[in-house]
Amino acid sequence: MAGLPARLIQELVDRKETVAVAESLTGGLLGATIVDAPGASRAFRGGLIVYATELKAALADVPADLLEARGPVDADVAAALAEGARGRCGADWGLATTGVAGPDPQDGVPVGTVFIAVAGPRSEVRQLALDGERAAVRTQTVTAVLRLALEQIAQTR
(Lines give C-alpha, C1' and ligand atoms only; values in the text may rest on other atoms or scores of the structure.)
Protein backbone atom coordinates (compact mmCIF):
# COMPACT_ATOMS: atom_id res chain seq x y z
CA MET A 1 0.00 0.00 0.00
CA ALA A 2 3.01 2.25 0.49
CA GLY A 3 2.78 5.18 -1.85
CA LEU A 4 -0.77 4.56 -3.09
CA PRO A 5 -2.46 7.29 -1.00
CA ALA A 6 0.19 9.85 -1.99
CA ARG A 7 -0.16 8.87 -5.67
CA LEU A 8 -3.94 9.22 -5.45
CA ILE A 9 -3.74 12.65 -3.83
CA GLN A 10 -1.14 13.87 -6.32
CA GLU A 11 -3.20 12.67 -9.30
CA LEU A 12 -6.27 14.42 -7.97
CA VAL A 13 -4.44 17.64 -7.13
CA ASP A 14 -2.86 17.69 -10.61
CA ARG A 15 -6.32 17.32 -12.13
CA LYS A 16 -8.02 19.71 -9.69
CA GLU A 17 -10.39 16.94 -8.63
CA THR A 18 -11.57 15.61 -5.29
CA VAL A 19 -12.45 12.29 -3.64
CA ALA A 20 -14.76 11.11 -0.85
CA VAL A 21 -15.36 7.71 0.71
CA ALA A 22 -18.22 5.57 2.04
CA GLU A 23 -16.94 2.75 4.21
CA SER A 24 -18.53 -0.25 5.78
CA LEU A 25 -16.10 -3.09 6.59
CA THR A 26 -13.07 -0.77 6.63
CA GLY A 27 -14.70 1.39 9.31
CA GLY A 28 -12.68 4.54 8.59
CA LEU A 29 -9.40 2.88 7.63
CA LEU A 30 -9.70 4.01 4.00
CA GLY A 31 -10.25 7.65 4.90
CA ALA A 32 -7.49 7.54 7.53
CA THR A 33 -5.11 6.00 5.00
CA ILE A 34 -5.85 8.71 2.45
CA VAL A 35 -5.38 11.55 4.92
CA ASP A 36 -2.01 10.14 5.94
CA ALA A 37 -0.75 11.36 2.56
CA PRO A 38 0.86 14.81 2.58
CA GLY A 39 -1.42 17.39 0.99
CA ALA A 40 -4.54 15.26 1.45
CA SER A 41 -6.60 18.31 2.38
CA ARG A 42 -6.19 19.58 -1.19
CA ALA A 43 -8.19 16.66 -2.62
CA PHE A 44 -9.95 14.67 0.13
CA ARG A 45 -13.46 15.97 0.84
CA GLY A 46 -14.49 13.58 3.60
CA GLY A 47 -16.37 10.40 4.13
CA LEU A 48 -19.16 8.37 5.58
CA ILE A 49 -18.63 5.43 7.91
CA VAL A 50 -21.83 3.48 7.42
CA TYR A 51 -21.17 0.29 9.32
CA ALA A 52 -24.81 -0.31 10.28
CA THR A 53 -26.97 -1.39 7.34
CA GLU A 54 -29.67 1.22 7.93
CA LEU A 55 -27.06 4.01 7.81
CA LYS A 56 -26.13 2.97 4.28
CA ALA A 57 -29.61 4.13 3.25
CA ALA A 58 -29.94 7.07 5.63
CA LEU A 59 -26.52 8.64 5.08
CA ALA A 60 -25.17 7.28 1.78
CA ASP A 61 -28.43 7.16 -0.18
CA VAL A 62 -28.28 3.43 -0.89
CA PRO A 63 -31.84 2.41 -1.83
CA ALA A 64 -33.49 0.72 1.15
CA ASP A 65 -35.21 -1.82 -1.10
CA LEU A 66 -31.82 -2.84 -2.53
CA LEU A 67 -30.44 -3.39 0.96
CA GLU A 68 -33.53 -5.36 1.94
CA ALA A 69 -33.42 -7.54 -1.17
CA ARG A 70 -29.70 -8.26 -1.30
CA GLY A 71 -28.16 -7.27 2.01
CA PRO A 72 -25.19 -4.97 2.52
CA VAL A 73 -22.55 -7.19 0.87
CA ASP A 74 -23.41 -6.75 -2.79
CA ALA A 75 -21.97 -5.21 -5.95
CA ASP A 76 -24.88 -2.83 -6.49
CA VAL A 77 -24.73 -1.73 -2.86
CA ALA A 78 -21.01 -0.97 -3.28
CA ALA A 79 -21.76 1.07 -6.42
CA ALA A 80 -24.50 2.99 -4.61
CA LEU A 81 -22.20 3.64 -1.65
CA ALA A 82 -19.53 5.11 -3.94
CA GLU A 83 -22.07 7.29 -5.70
CA GLY A 84 -23.53 8.30 -2.33
CA ALA A 85 -20.12 9.37 -1.04
CA ARG A 86 -19.53 11.36 -4.21
CA GLY A 87 -22.89 13.09 -4.04
CA ARG A 88 -23.14 13.68 -0.30
CA CYS A 89 -19.59 15.05 -0.05
CA GLY A 90 -19.60 17.00 -3.32
CA ALA A 91 -16.60 15.14 -4.74
CA ASP A 92 -15.56 14.27 -8.27
CA TRP A 93 -14.83 10.68 -7.23
CA GLY A 94 -16.40 8.37 -4.65
CA LEU A 95 -14.81 5.23 -3.24
CA ALA A 96 -16.63 2.52 -1.33
CA THR A 97 -15.98 -0.67 0.62
CA THR A 98 -18.42 -3.29 1.86
CA GLY A 99 -17.96 -6.91 2.82
CA VAL A 100 -17.24 -9.41 5.57
CA ALA A 101 -13.96 -9.03 7.45
CA GLY A 102 -14.70 -11.77 9.97
CA PRO A 103 -14.14 -13.57 12.15
CA ASP A 104 -17.55 -15.06 11.30
CA PRO A 105 -19.64 -15.18 8.13
CA GLN A 106 -22.46 -12.62 7.89
CA ASP A 107 -25.90 -13.74 6.72
CA GLY A 108 -24.34 -16.71 4.94
CA VAL A 109 -21.68 -14.59 3.20
CA PRO A 110 -18.19 -16.02 3.76
CA VAL A 111 -15.41 -14.11 5.47
CA GLY A 112 -13.23 -12.35 2.92
CA THR A 113 -16.08 -11.58 0.51
CA VAL A 114 -15.62 -7.91 -0.33
CA PHE A 115 -16.96 -5.45 -2.87
CA ILE A 116 -15.11 -2.25 -3.71
CA ALA A 117 -16.36 0.52 -5.95
CA VAL A 118 -15.30 3.74 -7.60
CA ALA A 119 -17.83 6.27 -8.89
CA GLY A 120 -16.92 9.26 -11.00
CA PRO A 121 -16.24 10.09 -14.61
CA ARG A 122 -15.49 6.35 -14.82
CA SER A 123 -17.09 3.87 -12.45
CA GLU A 124 -16.35 0.27 -11.61
CA VAL A 125 -17.18 -2.35 -9.00
CA ARG A 126 -15.03 -5.37 -8.18
CA GLN A 127 -15.64 -8.39 -6.03
CA LEU A 128 -12.71 -9.67 -4.00
CA ALA A 129 -12.19 -12.99 -2.24
CA LEU A 130 -9.60 -12.19 0.41
CA ASP A 131 -7.76 -14.45 2.85
CA GLY A 132 -6.48 -13.76 6.32
CA GLU A 133 -7.53 -12.44 9.66
CA ARG A 134 -9.87 -9.47 10.08
CA ALA A 135 -7.11 -6.83 10.00
CA ALA A 136 -5.57 -8.36 6.88
CA VAL A 137 -8.91 -8.37 5.04
CA ARG A 138 -9.47 -4.71 5.92
CA THR A 139 -5.94 -3.69 4.86
CA GLN A 140 -6.14 -5.63 1.60
CA THR A 141 -9.48 -3.97 0.88
CA VAL A 142 -8.00 -0.49 1.32
CA THR A 143 -5.10 -1.34 -0.99
CA ALA A 144 -7.45 -2.76 -3.62
CA VAL A 145 -9.81 0.23 -3.68
CA LEU A 146 -6.91 2.70 -3.88
CA ARG A 147 -5.51 0.76 -6.85
CA LEU A 148 -8.92 0.66 -8.50
CA ALA A 149 -9.31 4.42 -8.03
CA LEU A 150 -5.92 5.08 -9.61
CA GLU A 151 -6.81 2.80 -12.55
CA GLN A 152 -10.12 4.57 -13.17
CA ILE A 153 -8.59 8.03 -12.87
CA ALA A 154 -5.78 7.09 -15.29
CA GLN A 155 -8.37 6.01 -17.86
CA THR A 156 -10.00 9.46 -17.89
CA ARG A 157 -6.93 11.34 -19.08
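1. A residue is called buried here when its relative accessible area is under 20%, exposed when over 50%, and partly exposed in between. By that measure, Val77, Ala78, Ala80, Leu81, Ala82, Gly84, Ala85 and Cys89 of helix H5 are buried. The model is a predicted one, and every point below should be read with that in mind.

2. The geometry of H5 is consistent. The helix has 15 residues, 75–89, and at 1.5 Å a residue should span 21 Å; its end C-alpha atoms are 21 Å apart, which agrees. At the start of H5, the backbone nitrogen of Asp76 has a side-chain oxygen of Asp74 within 2.8 Å. Just after the helix, Gly90 adopts a positive phi of about 65 degrees. Asp74 and Asp76 also belong, with Arg70, to a network of salt bridges.

3. The largest nonpolar core contains 31 residues, and Leu8, Leu30, Ile34 and Leu95 have the most contacts inside it. At least two residues of this core come from each of helix H1 (4–15), strand E1 (19–23), helix H2 (29–35), strand E3 (93–99), strand E4 (113–119) and helix H6 (134–154). The greatest share is that of H6, with 9 residues. In general terms, nonpolar side chains in soluble globular proteins tend to be buried together.

4. Leu30 shows how this core is put together. Leaving aside neighbours within four places in sequence, Leu30 is in contact with Val21, Glu23, Leu95, Thr97, Val142, Val145 and Leu146. Apart from this core lies another, of 22 residues, including Ala20, Ala82, Val100 and Ala117. Ala82 is also among the buried residues of H5.

5. Lys56, in helix H3 (residues 53–60), deserves a separate look. Lys56 is buried but has no salt bridge, and the nearest side chain of opposite charge, that of Glu54, is 7.9 Å away. A salt bridge would need a side-chain nitrogen within 4 Å of a carboxyl oxygen, so Glu54 at 7.9 Å does not qualify. What surrounds Lys56? Setting aside neighbours within four places in sequence, its contacts are Ser24, Val50, Tyr51, Asp61, Val62, Leu67, Pro72, Leu81 and Thr98.

6. The count of salt bridges comes to 7. One of them joins Asp61 and Arg88, at 2.8 Å from N to O. This pair links distant parts of the chain: Asp61 is in the loop between H3 and helix H4 (64–70), while Arg88 is in H5, 27 residues apart. Asp61 is partly exposed at 45% relative accessible area, and Arg88 is partly exposed at 46%. Asp61 is also listed among the contacts of Lys56.

7. Within H5, Arg86 forms a salt bridge with Glu83, with the closest N and O atoms 3.4 Å apart. The two are separated by about one helical turn, because they are 3 residues apart in that helix. Arg86 is partly exposed, with a relative accessible area of 23%, and Glu83 is partly exposed, at 38%.

8. Arg126 and Glu151 form another salt bridge, their closest N and O atoms being 2.5 Å apart. Arg126 lies in strand E5 (residues 124–129) and Glu151 in helix H6, so the pair ties together parts that are 25 residues apart in sequence. Arg126 has a relative accessible area of 29% and is partly exposed; Glu151 is likewise partly exposed, at 31%. H6 therefore takes part both in this pairing and in the largest nonpolar core.

Terms used. Residues numbered from 1 in each chain as written. Predicted model: local features only at pLDDT ≥ 70, side-chain atom pairs only at ≥ 80, totals over all residues. Heavy atoms only, no water. Helix = DSSP H or I, 4+ residues; strand = E, 2+ residues; numbered from the N terminus. Expected span 1.5 Å × (residues − 1). Buried < 20%, exposed > 50% of the residue type's maximum accessible area, 1.4 Å probe, protein only. Polar contact = N/O pair within 3.5 Å; in protein donor to acceptor, adjacent residues only side chain to side chain. Lys, Arg positive; Asp, Glu negative; His and termini not counted. Contact = heavy atoms within 4.5 Å. Core = buried A, V, L, I, M, F, W, Y, C linked by side-chain atoms within 4.5 Å.
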